[in-house]
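Work through the following exercises with the sequence and the 3D view side by side. Try each task on your own before reading its solution.

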Protein chains: 2
Amino acid sequence: MTETRVPIPTLERLAIYLRVLLDAHEAGIQTLSSQEIEQHSGISAAQFRKDLSYFGEFGKPGVGYSVPGLIQCIERILRLDEEQPILLVGAGNIGSALVGYPNFQAHRLRIAAVFDNNFVKIGRPFGDLVIQDIARIKEVNAEIGARLGIIAVPAHAAQEVADLLVEAGVTGILNFAPTILRVPKHVHVRNVSFLQELAVLSYHATEDALCVNGQATRGGKDGV
Amino acid sequence: MTETRVPIPTLERLAIYLRVLLDAHEAGIQTLSSQEIEQHSGISAAQFRKDLSYFGEFGKPGVGYSVPGLIQCIERILRLDEEQPILLVGAGNIGSALVGYPNFQAHRLRIAAVFDNNFVKIGRPFGDLVIQDIARIKEVNAEIGARLGIIAVPAHAAQEVADLLVEAGVTGILNFAPTILRVPKHVHVRNVSFLQELAVLSYHATEDALCVNGQATRGGKDGV
DNA sequence: GCGAGATTGTGAACGGTTTCACAAATCACG
DNA sequence: CGTGATTTGTGAAACCGTTCACAATCTCGC
Ligand SMILES: NC(=O)c1ccc[n+]([C@@H]2O[C@H](COP(=O)([O-])OP(=O)(O)OC[C@H]3O[C@@H](n4cnc5c(N)ncnc54)[C@H](O)[C@@H]3O)[C@@H](O)[C@H]2O)c1
Ligand SMILES: NC(=O)c1ccc[n+]([C@@H]2O[C@H](COP(=O)([O-])OP(=O)(O)OC[C@H]3O[C@@H](n4cnc5c(N)ncnc54)[C@H](O)[C@@H]3O)[C@@H](O)[C@H]2O)c1
């Protein structure tokens, strides 16, 4: 366990392990081996052990891992051991699905405030919250102190909103808009793109890797 | 351009290039160099060229790439050159956001039918569609012939729905439920997990890689 | 037509992640 | 207490994707 940087895929899998562990805990299971984790997560036992090794030693040889113990450890690693407030910007379709999503709570993620710039929407209730003016976001987050933000506004407004989030003190942004965001180095962005996912599936769904060559290069005069 | 398998990251980026190209096309730009693509996509010029090289040669040395030409090529590669019908299962929050999403159209992705098992919902309008009984999914898809499906039902029902989708002839599944799905080898699954994304951000948002060791292993008698 | 300048396509080097394989640790049980 | 069965943690190897660097290709202007 040297002081290496943790691979992002490892962090992503940590969240999966956590889900498996929470399920097992619910089912009253006390101990799980890496082998059993593999069964439930689809991630290889060796991968699981290697992933954990970035953070320390959590299992007992010959036995496995204490379910409640490991839950606590992974939660601490991911900073999900205490409530994590989140700023949501964009009270539209996606925002609507998010505010009502109960599973966030299990991970102590809480949407603490919702913002929009539509005067018709501002002041309206939205889930348990009231939609606030995006102009007040910095002021409001001075109270809340959220480090995470979600962008659920149209693409043309996303960069502007990102800037406001950063200015309000956010250092992690989940972006639903189909744009690449320019942010300072200390801010992390993760993009969610259903279109991208569907495009990959679309490619695979038709299983013949036809080569599409000879069309563009020899397109003649129309191109360039 | 040997007969190598295309890396998944390459396919994901293809969708990003396509977006950039469509934007450029809209702006009336006729030609783009890999250098310029890098500007707009945040993906390195070398990466872009390497990605395309899996499929053929699409650019002209000294000039760049024909925007409309490359759009056509990438669309063909991703099978987005003709309309791609999709089956949506689960007429809830997520499903609701999806049916109303206009950007799908630009990629010729069309949600062709919506299914649910809630008798109260079946028969109701949902976007432009009418919610249908999940029991009829195979029958309905015999007409539609969709190869793509979206699962937007609670986790406990996801596997069951996946089985139905596969039986109905779907070979690509976009899964919003937090579960790993067991599917035949010829079926591709991509999971969308907001929680996972937020967990990764949560880790990075607090920038001190404290080591959480010595808690689980020496937990004493409580564990195992 | 030709030389200067620009840009592509790609083999090779590189770097990072996953897989492998095994020594060390723990437990069960006689 | 010792033996055998089990499972962890981790260095090393294998694998895969990204970056590099440059020959080949094309355009433009003279
Ligand atoms: N709906 C989907 O299924 C879906 C799928 C994939 C991606 N997306 C993306 O997610 C984003 C949101 O989608 P949606 O369907 O919820 O859109 P929406 O139009 O339903 O909601 C967008 C909201 O953002 C608000 N807004 C606009 N500009 C703003 C600004 N400058 N500051 C604050 N608020 C502002 C609008 O008032 C509106 O309430 C879009 O970028 C969309 O492309 C949506
Ligand atoms: N809402 C969110 O923000 C969010 C975020 C991340 C993940 N998810 C996941 O996405 C999925 C859908 O979430 P949601 O908020 O839309 O849920 P929802 O409860 O609003 O909708 C689920 C729908 O599925 C239907 N359904 C249930 N069992 C079914 C079955 N066997 N066959 C057909 N339909 C069935 C229900 O009748 C309901 O209409 C869930 O797995 C959820 O965990 C949701």
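**Exercise 1: the surroundings of DNA strand D**

Task: find which residues come closest to DNA strand D.

Solution. DNA strand D is surrounded by 24 residues, and the closest are A:Ser34, A:Arg49, A:Tyr65, B:Arg13 and B:Pro61, where a residue is near a molecule or strand if one of its heavy atoms lies within 4 Å of it. Of the atoms of DNA strand D that come within 4 Å of the protein, sugar and phosphate account for 68%. Before going on, note that this is a predicted model in which local features need pLDDT of at least 70, side-chain atom pairs count only at pLDDT 80 or more, and totals for chains, interfaces and linings use all residues. Residues are numbered from 1 along each chain as its sequence is written, chains are lettered from A and ligands numbered from 1 in the order in which they are written, and side-chain values use heavy atoms, with hydrogens and water left out.

The next step is to look at single polar contacts, meaning pairs of N or O atoms within 3.5 Å (within protein, one must be able to donate a hydrogen and the other to accept it, and residues adjacent in sequence count only if both atoms are side-chain atoms). A polar side-chain atom of B:Arg13 lies 2.7 Å from a phosphate oxygen of DNA strand D, and a backbone N or O atom of A:Phe58 lies 3.0 Å from a phosphate oxygen of this strand. B:Arg49 instead places a polar side-chain atom 3.5 Å from a base nitrogen of DNA strand D.

The last step is to name the elements, which are DSSP runs numbered from the N terminus (helices are H or I with at least four residues, strands are E with at least two). Near DNA strand D, at least two residues of the surface are supplied by each of α3, β2 and β3 of chain A and α1 (8–26) and α3 of chain B.

**Exercise 2: DNA strand C and the two copies**

Task: describe what surrounds DNA strand C, and state how chain B is superposed on chain A.

Solution. Around DNA strand C there are 25 residues, the closest being A:Arg13, B:Ser34, B:Arg49, B:Gly62 and B:Tyr65. A side-chain N or O atom of A:Arg49 is 3.5 Å from a base nitrogen of DNA strand C, while a backbone N or O atom of A:Pro61 lies 3.2 Å from a sugar or linking oxygen of this strand.

For the second part, chain B is superposed on chain A by a rotation of 180° with 0.0 Å of shift along its axis, at an RMSD of 0.1 Å; the fit is by least squares on the C-alpha atoms of residues with pLDDT of at least 70 in both copies. The two copies are therefore related as by a two-fold rotation axis. The same surface serves both copies, since 99% of the contact residues of chain B recur in chain A, contact meaning heavy atoms within 4.5 Å.

**Exercise 3: the site of ligand 1**

Task: explain why the site of ligand 1 is shared between chains.

Solution. Of the 24 residues that surround ligand 1, the closest are A:Ile94, A:Asp116, A:Lys121, A:Val153 and B:Tyr101. Because residues from chains A and B surround ligand 1, the site is shared between chains. An oxygen atom of ligand 1 is 3.0 Å from a polar backbone atom of A:Asn93, and an oxygen atom of the ligand is 3.0 Å from a polar backbone atom of B:Ala97.

**Exercise 4: a sheet in chain B**

Task: give the strand order of the seven-stranded open sheet in chain B, and follow the pairing of β5(B).

Solution. The order is β6-β7-β5-β4-β8-β9-β10, with mixed pairing; two strands pair if DSSP finds at least two bridges between them. The edge strands, each pairing on one side only, are β6 (125–126) and β10 (188–191) of chain B.

Strand β5(B) pairs with β4 (residues 84–89) in the parallel sense over six bridges, with B:Leu88 standing opposite B:Val114. Three bridges join β5(B) to β7 (residues 129–133) of chain B, and these two strands run parallel. Seven of the eight residues of β5 (residues 109–116) of chain B are buried (under 20% relative accessible area, with a 1.4 Å probe and protein chains only), so this strand is largely enclosed by the rest of the structure.

Technical notes
Buried means under 20% relative accessible area, exposed over 50%, partly exposed in between (1.4 Å probe, protein chains only).
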